[in-house]
Each structure stands twice: as C-alpha cells, then as structure tokens.
Amino acid sequence: MTHDPQRKVRIGAGAGYSGDRIEPAAELAERGELDYLIFECLAERTIAIGQQARLADPAKGYDPLLAERMHAVLKSCADQGVRIITNMGAANPAAAAQRVREIARTLGLAHLKVAAVTGDDVLQAVQEGDFRIEDNGQPASSLGERLISANAYLGVAPILEALQAGADVIITGRVADPALVLAPLVHEFGWAADDWDKLGQGTLVGHLLECAGQITGGYFADPGKKDVAGLARLGFPIGEVSADGSAVITKVAGSGGQVTAQTCKEQLLYEIHDPSAYYTPDVVADFSQVQITEIGPDRVAVSGGRGRPRPATLKTTLGYRDSFIGEGQISYAGPGAQARAQLAAEIVRERLALTGVETEELRLDLIGMNAIAGPQMSAGAPEPYEVRLRVTGRTASMQQAVLIGNEVETLYTNGPAGGGGATKSAREVIAVLSLLLPRSLVHPSVHIEEA
C-alpha cells in the first residue's frame with residue numbers, strides 16, 4: 001500500500017478493562033472521526049478465568065460484554081470505515097469472532113470481514129517443556145494438575161496480517177496491550193519491523209491510550225487537589241498520530257473529563273517499572289526522554305519515545321487453581337460501634353478455631369478503620385459512628401471457605417448487639433504466574449471470514 005507521510009491516523013480507546021463503560025465507546029464511534037477503535041479488555045487474570053469458562057462450555061471464554069459493545073459501535077464504525085481491534089477474544093477468539101459475525105448479520109453488515117487471531121494459547125508447549133516460573137524460581141511442572149492455562153503475549157505481527165488482508169474487525173486473545181495501537185500504525189505508515197525508535201514511539205502512544213478514561217481524568221481525579229469536571233460522562237481518549245510516531249492526545253469535544261500534561265504524565269508512569277526499558281513483544285521501549293506538551297484545551301502533544309531490539313522470549317501468563325476464599329461482612333452503628341465490631345471479630349476468630357476451619361490466611365478488617373492502611377497506621381484514628389466488619393479467609397476447599405461467611409452471619413443472634421446487613425460469599429481463586437517462552441514455540445495464526 002502507498003503511505004502518505006502527511007496523513008494523521010486517529011485511534012480511539014473504547015475500553016480500558018473488561019467491565020468498562022460502553023457509552024464513551026459509542027460516542028467515539030459516532031463522533032470521534034476515527035480510523036481505528038480499540039478495546040483493551042484483558043487483565044492478567046482475566047484470560048485464565050476465561051479459560052476456566054471455556055473448559056465448562058467450549059462456546060464461551062470470551063469477554064462477557066463483547067456482544068453489548070459490538071451492538072453499540074459496529075454499525076457506526078462500519079458506516080464510517082472505522083476498523084475495530086480488540087483483545088475481547090480472551091480465551092476463545094474464534095468463538096468471539098463468530099459472535100461478532102452473527103451480530104453483523106443482524107445489523108445488515110454481511111460484507112464485514114471479521115478476523116480471529118489465535119496461537120497465544122501455549123499450554124501444551126509449557127506442559128511439554130522444562131520452564132522456570134519467574135515469580136518463584138520453581139519449575140512450571142510444580143503446578144501439576146492445578147495449571148489450567150498458559151497464554152503468551154503476542155505482538156503486532158498477526159494483527160498486521162489481518163489488517164493487510166482487509167479485516168474490518170480483529171479479535172485477539174492475549175496480545176501486549178500497546179500492540180492494539182502499534183499494529184495499525186505499522187500498517188498505515190509502513191514502519192519497518194526493526195525501526196526500533198518508531199516502534200518505541202508507537203508503543204508510547206499505545207501505552208497512553210490503553211487504559212481509556214484514566215488519561216482523560218478518571219483515575220487522575222482527586223477533589224480539591226486535582227478537580228475534574230464531568231466525570232459522570234467521561235470522554236475516552238483519541239490519539240492523532242503522525243508518520244514519525246509523534247501524537248496528540250485528545251478526546252471528543254464536549255465530553256466530560258480533561259486531557260492535560262498532568263493526566264498524560266500520570267498515565268505514562270502507570271504500571272511502568274523502568275521507563276527506560278519497557279519490554280514488549282515488539283520492542284524494548286524507552287520512555288525516559290518523552291516530551292509532553294499542552295498545545296491547546298484537551299490537546300497534549302507527546303513525542304520522544306525510543307526503542308531497542310525486541311526480546312528473544314515472550315512473557316507467558318500461567319493461570320492456575322490456587323485456593324478458595326470465604327468472606328463474611330456485617331455492620332455496626334451508633335455509640336460503641338467500633339468496640340462491638342472488634343468483639344464480633346474476636347468471636348469469629350475463636351469460632352473458626354473451635355469448629356476446625358483451617359485457613360492459610362485470615363483477615364479481620366474494620367472497613368473505614370484499618371482495612372486498607374492496617375492497624376498500625378490507623379491506630380490513632382477517631383472512633384467512627386459506623387463501621388463494617390469484613391472477615392476473609394483463604395482455604396484449601398470450597399466447603400471450608402463457605403464456613404467463614406456462615407460464622408459471620410451467625411453474629412445476627414449470637415454476637416454483639418445491633419449487627420445488620422450481613423453478607424457472605426465463597427469463591428475459587430484463579431491466580432497467575434509468569435514465565436518466559438522462546439518465540440520459536442509460539443505460532444500465531446489468523447482466520448478471516450465475512451459475516
């Protein structure tokens with residue numbers, strides 16, 4: 001394809017996590033004048049939970065809001081020629097792509113080309129190999145039958161293949177978050193696979209956009225210190241990117257929130273261990289010389305991202321069955337609320353010991369007093385008029401976990417006076433660990449069909 005060096009590519013971020021708002025994405029699709037709309041919806045543990053769902057039902061395992069999001073944006077995007085790229089495929093990109101094709105047909109979009117990117121599922125390679133878990137130094141085989149998933153972080157290559165084949169919607173599983181933005185930039189501007197500085201700058205733009213409303217003031221807001229207007233209808237960000245990778249971060253005019261140098265700087269540092277060495281499958285990005293400049297209301301220019309050759313291995317997330325968590329909560333209010341809640345906690349602790357509930361970890365928190373800062377930092381806090389006791393315990397079985405919430409509920413009639421609003425729950429914990437997998441063991445593939 002011919003690349004116009006003067007062209008600017010407009011990319012909107014329609015989601016920053018799996019359960020994100022849908023209205024701002026619809027606003028981007030309708031009013032953003034975009035070339036691409038991306039949805040970043042996979043946290044570290046999300047795909048492992050998706051794998052668990054797929055084991056129970058082979059037709060599941062993709063993002064639960066996929067259909068709702070597509071109903072909200074697909075027609076607008078198709079009408080305006082906006083291409084959609086998302087990791088909402090989670091543990092089942094093929095099924096997700098099929099669902100999108102079904103939705104496209106109901107909307108009269110039978111011409112739409114939908115691609116599924118697979119190959120990030122590397123469970124078999126991990127099980128057959130001898131790999132060390134980075135978190136604890138143990139062999140991956142130590143997880144035994146508790147291991148339920150292994151997904152490698154893919155880069156831009158399969159997304160680029162889908163774009164070059166004319167896909168209108170691209171559904172991936174696990175890919176590096178910035179790759180959702182970097183891939184269309186490589187496609188549009190023809191960047192070489194070893195142009196490390198441009199890849200580093202494109203990764204910078206991807207990192208700034210990937211969390212959606214965080215950069216437009218959502219996570220930034222702090223009343224009285226960092227006031228942000230219109231948070232109830234927060235607008236999601238748009239990146240206007242030039243051929244050299246420099247970009248302007250903005251949002252839909254009139255939407256809530258704000259884009260400032262400060263919101264962009266906070267997002268730049270978000271989840272970054274070393275700004276000079278941000279490892280991705282495509283490049284080791286260097287953000288240490290980034291320049292961020294306000295050039296107008298809700299318009300911030302970013303440049304200066306650089307890069308070094310990509311790593312030889314791919315980060316791979318292992319999902320495994322870790323344990324079970326039981327929880328119970330109950331509230332106390334009025335004079336002596338704190339003392340009654342503390343007594344309730346002591347009763348539950350003793351009851352769990354008396355009834356033989358074995359916990360690997362047990363927490364008894366007074367929400368509003370010490371649940372976040374801990375007992376030492378909150379020791380001098382004033383006594384509240386109301387407080388909520390939360391008891392959580394990690395156990396080896398669901399049966400034991402259920403007993404924790406049951407004991408809290410019995411405080412209604414067997415504990416201190418005035419307890420109310422008791423709740424209880426128990427759930428299995430799917431935890432994650434990481435290892436580094438040689439690229440030679442990862443084989444992405446792309447499947448495209450018209451709706």
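The following legends describe close-up views of a predicted model.

**View 1. The crossing of helices α3 and α4.** Helix α3 spans residues 66-80 and helix α4 spans residues 93-106; their axes come within 10 Å and cross at roughly 40 degrees. Because of this angle, α3 counts as oblique to α4. The handedness of the α3 and α4 crossing is right-handed. On the α3 side, the contact is made by L66, A67, M70, H71 and L74. On the α4 side, A96, R99, V100, I103, A104 and T106 take part. Sorted by class, the contact of α3 with α4 comprises eight nonpolar, two polar and one charged residues.

**View 2. The crossing of helices α10 and α12.** The axes of α10 (residues 337-354) and α12 (residues 398-409) come within 10 Å, and the crossing angle is roughly 135 degrees. Angles over 145 degrees would count as roughly antiparallel; at roughly 135 degrees, α10 is therefore oblique to α12. The crossing in which α10 passes α12 is right-handed. V348, R351 and L352 are the α10 residues that meet α12, and their counterparts in α12 are L403, I404, E407 and V408. By class, five nonpolar and two charged residues form the contact of α10 with α12, with no polar residues.

**View 3. The ten-stranded open sheet.** Ten strands form an open sheet with mixed pairing, in the order β11-β12-β8-β7-β1-β2-β3-β6-β4-β18. Strands β11 (291-296) and β18 (445-450) stand at the edges. Each of these two strands has a single partner strand, so one side of each is left without a neighbour in the sheet. From one strand to the next, the twist averages 20 degrees.

**View 4. The pairing of edge strand β11 with β12.** Strand β11 and strand β12 (residues 299-303) run antiparallel and are joined by five bridges. Within this pair, T293 has A301 of β12 as its bridge partner. β12 also follows β11 in the strand order of the sheet.

**View 5. Helix α9 across the sheet.** Helix α9, formed by residues 261-269, lies across three strands: β8 (247-251), β11 and β12. The helix runs at about 150 degrees to β11. In the strand order, these three strands appear as β11-β12-β8, and β11 is an edge strand of the sheet.

Key:
Residues are numbered from 1 along each chain as its sequence is written. This is a predicted model: local features need pLDDT of at least 70, side-chain atom pairs count only at pLDDT 80 or more; totals for chains, interfaces and linings use all residues. Side-chain values use heavy atoms; hydrogens and water are left out. Axes are lines fitted to C-alpha atoms, for helices over the stretch in contact, and angles run from 0 to 180 degrees between N-to-C directions. Helices (H or I, at least four residues) and strands (E, at least two) are DSSP runs, numbered from the N terminus. Angles under 35 degrees count as roughly parallel, over 145 as roughly antiparallel, 65 to 115 as roughly perpendicular and the rest as oblique. A crossing is left-handed if the near helix is turned anticlockwise from the far one by less than a right angle, and right-handed if clockwise. Contact means heavy atoms within 4.5 Å. Ala, Val, Leu, Ile, Met, Phe, Trp, Tyr, Cys and Pro count as nonpolar, Asp, Glu, Lys and Arg as charged, and the others, Gly among them, as polar. Two strands pair if DSSP finds at least two bridges between them.
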